[in-house]
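Colleague: I would like a close look at one part of this model, please. Take one helix and its packing partners, then work outwards.

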Amino acid sequence: MSALIPFFVILPLAGAFAIPVFSGYWKNMGKVLTPILMLMLLALSVMFFFRDSAVFVYYVGGWELINGVPVGIQFVVDGLSVLMLSIINMMAFFASFFSISYLKKFTGDKYFYALFCLMVAGMNGVVITGDLFNMFIFLEIAVISSYALVAFGIEREELEASFKYQVLGGLASLLVLLGIVVLYWKTGSLNIADISRVLKQEGSSPSLLFIQILFIAGFGLKAAMIPFHAWLPDAHSSAPAPISAMLSGVLIKAVGVYAIMRLFFNMFELTYEMSMLILVIGTISMVGGVFLAIGQWDFKRLLAYHSISQMGYVFLGLGMGMVILSVNGNKAVAVMAIAGGLYHMVNHAVFKGLLFLNSGAVEYKTGTRMLKELGGLSENMPLTSTSSFGASMAISGIPPFNGFFSKLLIIIAAVQGQFYLMAALAVLVSIITLASFMKVHRYAFSGNLRFKDLKKFGEAPFSMLFSMLVLAGLCLLLSLLIIPVFRDIFLTPAVNDLMNLLNYSQPIIGV
Amino acid sequence: MMREVYIIIFLPVIVGIILYAVPRKYFTAKGIVASLVAAVSLFYSCRLYFTDGGMMNLGLGQKFFSEGSQMHDLLVQAESFTMLNVDSLAKLIIIFVGLFTLLVSVYSIGYLLPRIRPRSFFTYVLITAGCSNGAVLADHMLLFIFFWGILGITLYKLIKGYNSVTAAAAKKTFILIGASDGIMILGLAILWRLGYPLSISAMSVPTTSLITVIAFVCLLIGAFTKAGAFPFHTWVPDYATHASASSSALMPASLDKLLGIYFLARLFNSMFIINDWITLAVLVIGVSTIIIAVMMALAQHDYKRLLGYHAVSQVGYMVTGFALGTPLGVAGGLFHMFNHALYKSGLFLAAGHVEKHTGKHNIEDLGGLSKVMPLTFFSSIIFALSISGIPPLNGFASKWLIYQGIVEFGQGSGIANQLWIVWLALTMFGSALTLASFIKFLSGIFMGPLNPTYKTLREKNYFMSIPQLVLAVICIGLGVFASGWVIPKVIQSVSGSFSYIGFWESSTVSLLVLISIILGLVFYLLLFKKNIRVEKPFILGEPNDTTSSFHAGEFFKTIWGNSFLNSMYKAAEKKYFDIYEISRGTVLGISKALSWLHLGVLPVYLIWIIAGLLVMFIIFL
């Protein structure tokens, strides 16, 4: 199976180059090819869930280890990577399928699909590579194509957002690169597993702390943690809706959360200070994001701020797990916290992606995304309204939707680990989240019927509806991940790979 | 027992989901299907009542999948979470859940006009019924919270936000309910942390340390918000005003009360061992709920809002009853819960009937409808007298138990016990005020001269009339047979046996009341009828031609004269006391303050990032 790993990068990369080249011959090439490619990738990643071995390693170019030291680049697929791959490619499929109708309002859709494939290739690359510098390259591929996609509308607002995003994103890349450089100087290796072996022999030192802080700032900026979040509301609200869904749904996870998880669990040794730092930043983001979100009147901006807040939940879960592990606390609680964080990340991809698609459908039909200019849309677009309600319930943590269970895990883990303040804040944030989505529904979907011409302002076209309804169904279906057997297939391998350093490094460098 | 439980939980939910796919134009057909399902569910609830009960497992694994299959193993692992507890309290409550679902479904077939009809109304009614049954039967706390949370969604879905006011009411309702659910999870998590079994029947937590008290308060907030007790009640009046009468009759008037008070009963009687201070605090909340809400009800002009405030006020009696903690108090609270659900949903159904026929919301615009809507008038009298605690109706029977409970409670030695006379006085005072406001309701809507535009009205819609009459008959029946059959046979099987000092023989008294009414009629017909003269309304000898000259509301203006009450009413109208508005203001204030920091200026954002980086360096290096 390990021979299949490079296809996660090859397929979208090939698509990215083929689409602009051959679009001259066949106009609909991007429209047709991209969803098919993404579906293939999705099938491939789901296949890896039912794998027979825990970790697969692919040696790029056939460069095997020399004396136990990796010299080439390795692609590694373990439980966490599979989880990430499946949410990336799943959201990529739905977003690209949604785009078929959505892009009718734009020109130059071949560039859109090319950039889209490139972004997916970058994200897939980030989560499968076992090499730190290679990760940086893929990260740049993903974010640079996202800079272009944010500016895709080429109006004043989009360009401004994209510019801010580029400047701040460039700063983040710089910090990450600086971190990698110092780490290379210190350890003489770029392979994550190999670095972790070297670091284990060396023990802690100030320069190591320096690197960790650089990584937290750099990847934290990509993951939009407060105070590094300022680019996100502009970028995510200006991009075309399927791109917003990709950015909020998976990009900030693949290049932000995933990188932090991988590096801090599997490369550095967990220290109490860094774990606390991640926990505190997560909590601040969770609380700050939601307070900023509830005051917004722009539908997509509100959603964008919620991404900050929900990523805060993810970091809260992971951070609690890290703190407990670093002080050798109760392992069961740590498992629960980390599983809660990962579970919430999966759920967030689905419901936030869906919410952005909803906002896109609303904007597509009505031409506005200001909540005060909308109203009574449940009459115009009953199915969009229903799917949006499902996603709102999921993000607010109302049973039987998936968000309820992941928040439940996080809150229970917080109380079990005696993080009482965090638990209370998580509940408070959940309530304010509910309030702000009730605001969306009160102004956009219920209330006075603003768009009286039901024919003109009717339901969204099929490709949009299909994506939205399937995702809404997933919001319900993912609740099943709480049941032990499903959890063992999808979540537990990822949790185990995070908790046990050896799970990851053993198959790669044999130590 | 297994089969009954499956049917009452899953049948309504499944049929509800199927009905969701049926187009809107088959509304009547959907209503008939829903009513049939509700009837089947009621039948099986009754059958369940006569089984032995006890603990059981939902056992989805064994039920649907063969031994050894993967799905079987999968569901067996989840089985500790699906324990159900079929005890006498649960069995009693699910009968009422079935009854109200049936009556409201039938009523809604005739009542709901497209404008106020929520999308997929019957779907949510049926899901509500199934999930209520599930919540009542659930023994594991997580399963309970799961069902309980779904009820918040259906509550929200049963009010249609067709304009900005109704949409705001729906939003407020769901935010308060959802918030309380979140807080309950916190309470649950604390109990889990302390190592208590999360089974409702096995839990017995002493409220001696701060942390258990916090857990108790968290769970209590959930029960209070659902039932609508002060200070978490503020969604009830809004919901009652703006939702359709069927929705109000189903949720805030009956099922939410049943569930909220059910959970309160569990909290007080099995899950926690209550200390004296909590008893005192809850009693204070109980009586203040009674008085505050009834004072607000007195000042209302919209009759549905008036009923909404009474739906809050009556909760105070139940809370008081359960807070006493004695079998007598529990019995009173429990009996009052059932009685309240009966007459309050009846009142909402009657109000909906009036609203549908007249289209008016204000008491002042109506009058004299007794002549054209005799059935509604008759049932409203029964409900109104019952809620005001007039013997021999059921409302009196349960209030009598609560009064007796307070008197008996006064013999104890705790600080709350010493204040028994206060509780007694306030509960009785609340009852008097209830009567006062229902005189306004009855006389304003049904008495006085009839507006000529309504002369042609006829009560022909039996879908709407029959449920009201059924409820009225049950109200009378529970009252008349209270001491002979209902309390000893039904209520005591749940609350434990007790005896009380105040002698009350309901059947005999009912007979006496009946005889006196008949005697009165006889005297009236024989002696006074011919001496009565009917005149047109006049003022100072001059004829007064205003169409609805009988302003029942005018009599209640005197309470505005009191300067203290006046200022309180004004503040309440501005929603200064509404916990929702207070929190909303706070949150939006913080939000505004934070958004001042987000200017959209790139250098500022860069400075934050550098500052964040520097702070981290300074702390750690």
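Modeller: Start with H13(B) and H14(B), which are roughly antiparallel to each other, a label for angles over 145 degrees (under 35 is roughly parallel, 65 to 115 roughly perpendicular, the rest oblique). This is a predicted model, in which local features need pLDDT of at least 70, side-chain atom pairs count only at pLDDT 80 or more, and totals for chains, interfaces and linings use all residues. Residues are numbered from 1 along each chain as its sequence is written, while chains are lettered from A and ligands numbered from 1 in the order in which they are written.

H13 spans residues 303-324 of chain B and H14 spans residues 327-358. Helices are DSSP runs (H or I, at least four residues; strands are E, at least two), numbered from the N terminus. The angle here is about 170 degrees, and the axes are 7 Å apart. Axes are lines fitted to C-alpha atoms, for helices over the stretch in contact, with angles from 0 to 180 degrees between N-to-C directions.

On the H13(B) side, the contact includes B:Tyr303, B:His310, B:Tyr317 and B:Phe322. Among their counterparts in H14(B) are B:Gly329, B:His336, B:Lys344 and B:Phe348. Contact requires C-beta atoms, placed from the backbone, within 7 Å. By class, this contact has 12 nonpolar, eight polar and two charged residues. Nonpolar covers Ala, Val, Leu, Ile, Met, Phe, Trp, Tyr, Cys and Pro; charged covers Asp, Glu, Lys and Arg; the others, Gly among them, are polar.

H13(B) also packs on H18(B), residues 420-446. Their axes come within 11 Å and cross at roughly 160 degrees. This pair, therefore, is roughly antiparallel too. The crossing is left-handed, meaning that the near helix is turned anticlockwise from the far one by less than a right angle (clockwise is right-handed). H13(B) contributes B:Tyr303, B:Leu306, B:His310, B:Ser313, B:Gly316, B:Tyr317 and B:Thr320. H18(B) answers with B:Trp423, B:Thr427, B:Gly430, B:Thr434, B:Ser437, B:Phe441 and B:Ile445. Six of these residues are nonpolar, eight are polar and none is charged. B:Tyr303, B:His310 and B:Tyr317 take part in both contacts of H13(B).

Now the wider chain. The mean pLDDT of chain B is 85, and 94% of its residues reach 70 or more; pLDDT is the predictor's confidence in each residue, from 0 to 100. The model scores ipTM 0.91 and pTM 0.92.

Chain B also meets chain A: 47 of its residues are in contact with 53 of chain A. Helices H4, H7, H8, H24 and H25 of chain B each give two or more residues to that side. H8(B) gives the most, with 17 residues. The chain B side divides into 30 nonpolar, 12 polar and five charged residues.

Chain A has a helix pair of its own to set beside these. H12(A), residues 299-326, packs against H16(A), residues 402-416, at about 40 degrees, with axes 10 Å apart. These two helices are therefore oblique to each other. H12(A) passes H16(A) in a left-handed crossing. A:Tyr313, A:Leu316, A:Gly317 and A:Met320 meet A:Lys407, A:Ile410, A:Ala413 and A:Ala414. The classes are six nonpolar, one polar and one charged.

Definitions and conventions:
Two residues are in contact if their C-beta atoms, placed from the backbone, lie within 7 Å.
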